[in-house]
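Here are a few short exercises to work through with the model open beside you. Try each task before reading its solution.

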Amino acid sequence: IFNVRGSEVFLKALEVARPSDMRDLITGIRGVVCKAARSSFSSFVLERIVHYLGTEDFAFIAEELLEESQTVTLNFYAGSILCRLLEHAAADPRVAVLVDAVLATDIEKLCCHK
């Protein structure tokens, strides 16, 4: 998922997969969410996972982003993932913890960041 072809193949698989197959597909992304969130190719894959799957299935994205919440959200692509998490699961406690962690950072730096 870290290059054009890999992300295209993964996105196509998500589009045609059944929910149970989608869950199997995303297991390979666990552990690399923060790296993926910073990539123009793989960040869109993470956004699509949030769009296609239920909160319980994509909550690991919020949990992994929390590990680097002070830096990852300053990244343009990662910020988009945070927006998708808020759109689809703002009430989820794991997303709320992530948002709290982001807001606990240097707010001025966050607000002034491009």
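**Exercise 1.** In this predicted model, decide whether L65 is buried or exposed.

*Solution.* Start with the relative accessibility of L65, which is 3%. Next, recall that buried means under 20% relative accessible area. L65 therefore counts as buried. To put that in context, 40% of the 114 residues of the chain count as buried.

**Exercise 2.** Find where L65 sits and which residues it touches, leaving out those up to four places away in sequence.

*Solution.* First, locate the element: L65 belongs to helix α5, which covers residues 55-67. Then look around the side chain for contacts, meaning heavy atoms within 4.5 Å. With residues up to four places away set aside, L65 touches V33, C34, A37, V72, I81, L85 and L98. Finally, take C34 from that list: 31 residues separate C34 from L65 in sequence, yet their C-alpha atoms are 5.7 Å apart.

**Exercise 3.** Describe the overall fold, and work out how the chain compares with a globular protein of its length.

*Solution.* Begin with the elements: there are nine helices and zero strands, giving the pattern α-α-α-α-α-α-α-α-α along the sequence. The radius of gyration is 14 Å, close to the 13 Å from the globule rule for 114 residues, so the chain is as compact as a globular protein of that length. Now check the contacts: of those with a separation of 6 or more, 71% come from residues 24 or more positions apart. Last, turn to the surface, where the chain exposes about 6300 Å², with 56% supplied by carbon and sulfur atoms.

Conventions
Residues are numbered from 1 along each chain as its sequence is written. This is a predicted model: local features need pLDDT of at least 70, side-chain atom pairs count only at pLDDT 80 or more; totals for chains, interfaces and linings use all residues. Side-chain values use heavy atoms; hydrogens and water are left out. Helices (H or I, at least four residues) and strands (E, at least two) are DSSP runs, numbered from the N terminus. Buried means under 20% relative accessible area, exposed over 50%, partly exposed in between (1.4 Å probe, protein chains only). The radius of gyration is taken over C-alpha atoms; the globule rule is 2.2 Å times the number of residues to the power 0.38. Accessible areas come from the Shrake-Rupley method with a 1.4 Å probe; for residues, only the protein chains shown count as cover.
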